[in-house]
Amino acid sequence: TIKQEDGTKSKFKAADVKVLAVKPSKLANLESAMSVANIGRAGELDFDKTINREWVFYEQALLPKKKDKYALMQLLNPGFDTKIKVYLDPNAKETGGLSAGGIKLTGGDDKSYLVVFDGGKSELYKKSRYKKEALGQLYKDCTVFKENYSGEKFKWVNFAEHVFVYDQLCN
């Protein structure tokens, strides 16, 4: 359901909406910046960029394991999504971690993402199976990528980097 500026509401099914761009409020951007998974990640976050984010994108994608069932999913990699689109998994569990005095020092990272490769059906990529499956499935068509990211260097914590580098090297 989308509420227009004049107050009227329009209802749409996910199968009828290709892309939805939402301009988040300043409060929503502030909440996003303040909900960083842990203290370590807070040091890596560009708070100015997060607080001044102009758009959040949602796109139509086929759900994994469901025949012809569409959903609007939040795109996490706009700008480097030529072949691989990464979406927020609403059912993702988070990594455990260390807390002190109610402040999370480590952990809190998503353990899974929904990924669409080259316009296909979304697939669930999990932290526990990423190292075993991704090089042979997700990045299989790019030998330069596979040569540079193999063995011990290939870890879930670098998933965003992998998707970005794949987009730059292999398209």
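**View 1. Asp141 and Lys83 meet in a salt bridge.** In this predicted model, the two side chains come to 3.0 Å, N to O. A salt bridge here is a side-chain nitrogen of Lys or Arg within 4 Å of a carboxyl oxygen of Asp or Glu. The pair links distant parts of the chain, 58 residues apart: Asp141 sits in the loop between helix H4 (127–137) and helix H5 (143–148), and Lys83 in the loop between E5 and E6. Helices (H or I, at least four residues) and strands (E, at least two) are DSSP runs, numbered from the N terminus. Asp141 counts as partly exposed at 41% relative accessibility, and Lys83 is partly exposed too, at 21%. Buried means under 20% relative accessible area, exposed over 50%, and partly exposed in between (1.4 Å probe, protein chains only).

**View 2. Glu59, Asp81 and Lys85 make up a network of salt bridges.** Start with Glu59 and Lys85, whose side chains meet at 3.3 Å, N to O. Glu59 lies in strand E4 and Lys85 in strand E6 (residues 84–88), so this pair ties together parts that are 26 residues apart in sequence. Lys85 also meets Asp81, at 3.1 Å, N to O. How buried or exposed are these residues? Glu59 is buried at 13% relative accessibility, Asp81 is buried at 17%, and Lys85 is partly exposed at 22%. In the whole structure, a search turns up four salt bridges.

**View 3. Strands E3, E4 and E5 line up, in that order, as an open sheet.** The pairing is antiparallel, and two strands count as paired if DSSP finds at least two bridges between them. E3 (19–22) and E5 are the edge strands, each pairing on one side only. From one strand to the next, the twist averages 25°; axes are lines fitted to C-alpha atoms, for helices over the stretch in contact, and angles run from 0 to 180 degrees between N-to-C directions. Four bridges join E3 to E4, and Ala21 has Phe57 of E4 as its bridge partner. Strand E4 (residues 56–62) pairs with E5 over five bridges, with Tyr58 facing Gln74 of E5 as its bridge partner.

**View 4. Side chains alternate along strand E5 (residues 70–74).** Which of them are buried? Ala71 and Met73 are, and they point to one face. Tyr70, Leu72 and Gln74 point to the other face and are not buried.

**View 5. Strands E9 and E10 form a hairpin.** Four bridges hook E9 (residues 112–117) up to E10 (residues 123–126), and the two run antiparallel. One of the partnerships to look for is Val115 with Glu123 in E10. Five residues lie between the strands, and Asp118 in the turn has a positive phi of about 50°.

**View 6. Confidence varies along the chain, from helix H2 to strand E2.** The score is pLDDT, the predictor's confidence in each residue, from 0 to 100. Its mean over the chain is 74, and 71% of the residues reach 70 or more. Helix H2 (residues 39–44) has the lowest mean, 39, while strand E2 (residues 9–10) has the highest, 92. Residues 33–48 fall below 50, and beyond near neighbours in sequence this stretch has 25 contacts in the model (contact means heavy atoms within 4.5 Å). Residues 95–108 are also below 50, with 30 such contacts.

**Notes for the views.** Residues are numbered from 1 along each chain as its sequence is written, and side-chain values use heavy atoms, leaving out hydrogens and water. Local features need pLDDT of at least 70 and side-chain atom pairs count only at pLDDT 80 or more, while totals for chains, interfaces and linings use all residues.
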